[in-house]
Amino acid sequence: MISTRILAGTVVLACGLAFTAVQAQAKDTDYRFELAGKPQSSAGKDIVQVRLLHVADGKPVPDAVIFESKTDMGPAGMDTMTAPVKALPAKGGVYRFEVDPGMAGTWALHLAAKVQGEPDTVRGTLNVDLVK
Ligand SMILES: [Cu+2]
């Protein structure tokens with residue numbers, strides 16, 4: 001969806017600015033996380049689906065190892081409100097995370113990944129609207 005892409009792009013941009021001072025990481029412009037469709041909700045939990053794109057050629061990176069996934073309600077002014085995130089098996093290059101949000105609203109999903117052949121950690125944050 002176009003609105004989702006714009007939102008994700010904005011978040012990546014904001015994230016890039018935030019990480020400018022940290023030179024040890026991969027350039028945030030090399031890779032970009034984006035939402036793969038809307039989160040799917042069932043039984044009070046949300047499945048968030050994410051792609052990792054190599055920006056230079058726009059190709060998805062299907063074999064990254066996402067070793068960190070955290071979420072908080074920072075986008076809604078509640079930085080200290082967190083929720084459990086469980087990584088599910090990736091499907092067809094789409095990384096999936098089950099979030100059990102304490103409340104509905106806009107959550108930030110923070111991801112850190114290792115990409116084959118890329119020495120530095122790739123980090124990104126996506127804003128995602130979750131329902132309870
Ligand atoms: Cu909250």
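How many bridges join strand β3 to β8, and in which sense do the two strands run? Five bridges join strand β3, residues 45-54, to β8, and the two run antiparallel. The model is predicted. That pair is a good place to enter it.

Start with the overall plan. The protein chain has one helix and 10 strands. From the N terminus on, the order is α-β-β-β-β-β-β-β-β-β-β. The chain holds 132 residues, and 39% of them count as buried. Take the contacts in the protein chain with a separation of 6 or more: residues 24 or more positions apart account for 60% of them. The accessible surface comes to about 7,200 Å². Carbon and sulfur atoms own 57% of that surface.

Now go back to β8. Six of its six residues are buried, so the rest of the structure largely encloses this strand. Both faces are covered. On one side sit Val94, Arg96 and Glu98, and on the other Tyr95, Phe97 and Val99, all of them buried. Burial here means under 20% relative accessible area.

β8 has partners. Towards β3, Phe97 in β8 stands opposite Val48. Towards β7, residues 85-91, five bridges again make the connection, and these strands also run antiparallel. Phe97 turns up here too, as the bridge partner of Ala87. β7 and β8 form a hairpin with two residues between them. One residue in that turn, Gly92, has a positive phi of about 55°. Strands of a sheet pair through backbone hydrogen bonds, either parallel or antiparallel.

Follow Val48 to a loop. Its C-alpha atom is separated by 7.3 Å from that of Lys38, although the two residues are 10 apart along the chain. Lys38 lies in the loop between β1 (31-35) and β2 (40-42). Its relative accessibility is 58%, so Lys38 counts as exposed.

The next loop, between β2 and β3, holds Ala43. Ala43 is exposed because its relative accessible area is 80%. Its phi is near 55°, a positive value in a residue other than glycine. Most residues other than glycine have a negative phi.

Turn next to a second group of strands. Four of them form an open sheet in the order β6-β5-β9-β10, with antiparallel pairing. β6 and β10 (122-130) stand at the edges, each with a single partner strand, so one side of each has no neighbour in the sheet. Neighbouring strands of this sheet are turned by 35° against each other on average, direction ignored.

Look at the pairings one by one. β9 and β10 pair in the antiparallel sense over nine bridges. Leu111 stands opposite Gly124 in β10. At the other end of the order, β5, residues 65-73, pairs with β6 over two bridges, again in the antiparallel sense. Asp72 faces Thr82 of β6 across that pairing, standing opposite. β5 and β6 form a hairpin with four residues between them. Gly77 in its turn has a positive phi of about 80°.

Is β6 well covered or hardly covered? It is hardly covered: among its five residues, the count of buried ones is zero.

β6 also leads to the metal. Which residues donate to the copper ion? The protein donors are Met73, Met78, Met81 and Met103, each through its SD atom. They lie 2.2 to 2.5 Å from the ion. Along the chain, the donors follow the spacing M-x4-M-x2-M-x21-M. Met81 lies in strand β6 (residues 78-82), while Met103 lies in the loop between β8 (94-99) and β9 (105-114), so this pair ties together parts that are 22 residues apart in sequence.

Why is the arrangement tetrahedral? The four donor atoms subtend angles of 97 to 124° around the copper ion, which makes it so. The cut-off asks that all angles lie between 85 and 135 degrees. Ideal angles for four tetrahedral donors are 109.5 degrees.

How covered are two of these donors? Met81 has 26% relative accessibility, so it counts as partly exposed. Met103, at 30% relative accessibility, counts as partly exposed as well.

Notes:
Residues are numbered from 1 along each chain as its sequence is written. This is a predicted model: local features need pLDDT of at least 70, side-chain atom pairs count only at pLDDT 80 or more; totals for chains, interfaces and linings use all residues. Side-chain values use heavy atoms; hydrogens and water are left out. Donors are N, O and S atoms within 2.8 Å of the metal (3.2 Å for Na, K and Ca); water is not among the atoms, so sites may look incomplete. Four donors count as tetrahedral if all angles lie between 85 and 135 degrees; four count as square planar and six as octahedral if opposite donors are over 155 degrees apart and all others between 65 and 115; anything else is irregular. Buried means under 20% relative accessible area, exposed over 50%, partly exposed in between (1.4 Å probe, protein chains only). Two strands pair if DSSP finds at least two bridges between them. Axes are lines fitted to C-alpha atoms, for helices over the stretch in contact, and angles run from 0 to 180 degrees between N-to-C directions. Contact means heavy atoms within 4.5 Å. Accessible areas come from the Shrake-Rupley method with a 1.4 Å probe; for residues, only the protein chains shown count as cover.
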